[in-house]
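The following account leads from one strand residue outward to the chain as a whole. Please keep the sequence and the model in view while reading.

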Amino acid sequence: MTTAAPAKTESTKTQYEAIIGLETHCQLCTETKIFSPASTAFGADPNTYIDPIVVGMPGVLPVLNQRVLEYAVKAGLALNCQIAPYSKFDRKQYFYPDLPKNYQISQYDLPIAEHGWLEIELIDKKTKEATRKRIGITRLHMEEDAGKLVHAGSDRLAGSTYSLVDYNRAGVPLIEIVSEPDIRSGQEAAEYAQELRRIVRYLGISDGNMQEGSLRCDVNISVRPVGQAEFGTKVEIKNMNSFSAIQKAIEYEIERQIKANEAGERIAQETRLWDESSQRTKSMRSKEGSSDYRYFPEPDLPPIVVSVEQKEGWLAELPELPAQKRTRYESEFGLSPYDARVLSDERAITEYFEATVSAGADPKLTSNWITQDIAAYLNNEKLSIDALPLTPASLAELVQLIEAGTISNKIGKDLLPELLTQGGSPKALVEARGLSQISDPAQIEAMIDEVLAAHPEELEAYRGGKKKLQGFFVGQLMKRSGGRVDPKLSNQLLSQKLNS
């Protein structure tokens with residue numbers, strides 16, 4: 001695996017490397033909250049989905065949602081983590097208006113999962129080849145989300161005259177996934193976050209929607225001269241809510257810290273925010289340490305015990321994950337790393353592709369249709385592939401018609417828009433419209449003779465040395481036949497006629 005080249009300053013050309021780790025908060029898509037029966041639905045009126053447990057009324061007791069434990073263990077298994085047979089919850093003390101109890105129930109020294117890894121894959125835009133790197137996972141733990149503050153007059157606190165709080169998000173179940181400091185560039189960090197999202201979506205435990213806050217990343221970053229063993233001063237960038245923001249914020253912060261080092265300036269250990277409008281990070285506050293939170297075991301919840309039988313049962317329910325699919329598509333179907341990546345990016349696309357192949361279509365041809373024409377249509381129409389009227393069985397039928405030489409690839413492309421919007425049988429369309437491919441040499445030769453007779457000047461120019469005019473004759477032949485002639489055979493016969 002190759003990594004990004006160490007950064008250089010313009011002055012001394014000293015080489016630096018970035019040391020980056022991510023803390024990713026992922027909301028779990030349970031119907032109810034982690035410790036109460038209140039709904040987790042997104043988009044309701046403020047303070048609709050709350051109850052005495054959520055707002056921390058006296059005398060109430062939390063009860064762990066069993067589905068949250070299941071989802072957390074499945075995520076840990078998918079990330080190759082060791083699942084703790086015994087873990088517990090802790091109180092994390094801090095005081096902020098969006099935290100109604102003035103503490104958060106989280107996990108501190110005994111998390112549910114530790115010591116895992118995931119593999120990222122970086123695709124070269126020019127060669128479409130892939131390089132792979134393993135990123136360590138330090139820990140994965142369960143916790144409750146906080147509420148949301150809305151500052152009057154601005155989405156920032158500065159300049160606001162008052163703030164409102166919505167507790168609908170309070171108590172929504174989270175898993176926090178902490179990586180090892182194995183990441184060295186903004187590109188690697190963005191790909192790590194994308195791979196995490198692919199995994200939780202494949203598992204069906206989260207929608208991974210960054211726009212709605214279902215997936216949020218905090219970046220820890222420092223720089224050091226190449227060859228230095230000691231880490232530099234770490235800075236945290238909070239609440240990255242897009243992959244491009246992660247990459248751009250890291251690239252900016254690397255450059256900022258390098259310039260500070262070169263100028264002999266002290267780098268403060270602090271929390272910063274990414275300002276999208278100015279494309280820079282801004283200081284938010286000094287960084288708290290774990291001692292500031294005064295963790296202690298949560299007295300209202302019992303310890304968590306995961307039996308071997310439970311773990312094995314949940315392991316058996318895991319689907320084939322994105323990295324496994326990419327490897328299989330390359331080895332079994334001979335697909336390029338780029339195509340394998342596109343096809344495995346979303347579970348719905350994967351299922352559509354595999355259903356088409358299972359219906360008898362050639363994998364490579366199917367891949368071409370899905371990653372090119374169909375992907376372009378989905379992108380333009382803002383649709384999901386599982387909403388297409390064109391079923392996998394119909395796409396397989398279209399691919400098989402082209403493979404058999406019944407229709408040309410061009411005819412297939414001409415039919416595709418109608419199939420995408422209305423569905424139906426490609427074979428029935430071909431028969432109803434008389435679109436089957438013309439493969440009779442005598443019939444093709446007759447059409448070629450007609451084309452040449454209709455364009456004597458172009459024929460003379462071709463035979464006088466303007467060989468590029470062959471493309472003109474091909475176009476005329478296709479026009480005359482309605483695109484139905486066999487492309488390979490017609491090119492051979494046309495070349496023979498032109499050069500005779």
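Ser-106 is found in strand β6, which covers residues 103-106; helices (H or I, at least four residues) and strands (E, at least two) are DSSP runs, numbered from the N terminus. The model is a predicted one, in which local features need pLDDT of at least 70 and side-chain atom pairs count only at pLDDT 80 or more, while totals for chains, interfaces and linings use all residues. Residues are numbered from 1 along each chain as its sequence is written, and side-chain values use heavy atoms, with hydrogens and water left out.

With a relative accessible area of 1%, Ser-106 is buried; here buried means under 20% relative accessible area, exposed over 50%, and partly exposed in between (1.4 Å probe, protein chains only). Not counting residues up to four places away in sequence, Ser-106 touches Lys-88, Phe-89 and Asp-90, as well as His-141, Met-142 and Glu-143, where contact means heavy atoms within 4.5 Å. Val-55 lies 51 residues from Ser-106 in sequence, and their C-alpha atoms are 16 Å apart in space.

A second strand residue, Lys-238, has its place in β13 (residues 235-240). Its relative accessibility is 19%, so Lys-238 counts as buried. Leaving aside neighbours within four places in sequence, Lys-238 is in contact with Cys-217, Asp-218, Thr-271, Arg-272, Leu-273 and Arg-285. Between the C-alpha atoms of Lys-238 and Ser-36, which are 202 residues apart along the chain, the separation is 28 Å.

The helices may be taken next. Glu-70 lies in helix α1, which covers residues 66-78. Its relative accessibility of 11% is the reason why Glu-70 counts as buried. Beyond residues up to four places away in sequence, Glu-70 touches Trp-314 and Glu-317. In the loop between α1 and β3 (82-83) is Asn-80, a residue other than glycine whose phi is positive, near 60°. Asn-80 is partly exposed, at a relative accessible area of 34%. As background, most residues other than glycine have a negative phi.

Helix α2 (residues 186-203) contains 18 residues and reaches 26 Å from its first C-alpha to its last, close to the 26 Å expected at 1.5 Å a residue; the expected span is 1.5 Å times one less than the number of residues in the helix. Because 15 of its 18 residues are buried, α2 is largely enclosed by the rest of the structure. Gly-204 follows α2 and has a positive phi, near 75°.

Further along the chain, Lys-382 occupies the loop between α8 (363-381) and α9 (392-403). Although Lys-382 is not a glycine, its phi is positive, at about 55°. At 72% relative accessibility, Lys-382 counts as exposed.

Thr-421 has its place in helix α10 and is partly exposed, with a relative accessible area of 44%. Not counting residues up to four places away in sequence, Thr-421 touches Tyr-377 and Pro-389. The C-alpha atoms of Thr-421 and Gln-496 are separated by 41 Å, with these positions 75 residues apart along the chain. Gly-424 is found in the loop between α10 (409-422) and α11 (426-433). This glycine, Gly-424, is partly exposed, with a relative accessible area of 41%. Leaving aside neighbours within four places in sequence, Gly-424 is in contact with Ser-394 and Leu-419. Leu-390 is 34 residues from Gly-424 in sequence, and the two are 7.0 Å apart in space, C-alpha to C-alpha.

The chain as a whole can now be described. The protein chain has 15 helices and 17 strands. Its radius of gyration is 30 Å, well over the 23 Å that the globule rule gives for 500 residues, so the chain is more spread out than a compact globule; the radius is taken over C-alpha atoms, and the rule is 2.2 Å times the number of residues to the power 0.38. The C-alpha trace spans about 90 × 60 × 50 Å along its principal axes. Of the 500 residues, 46% count as buried. Among contacts between residues at least 6 apart in sequence, 69% join residues at least 24 apart.
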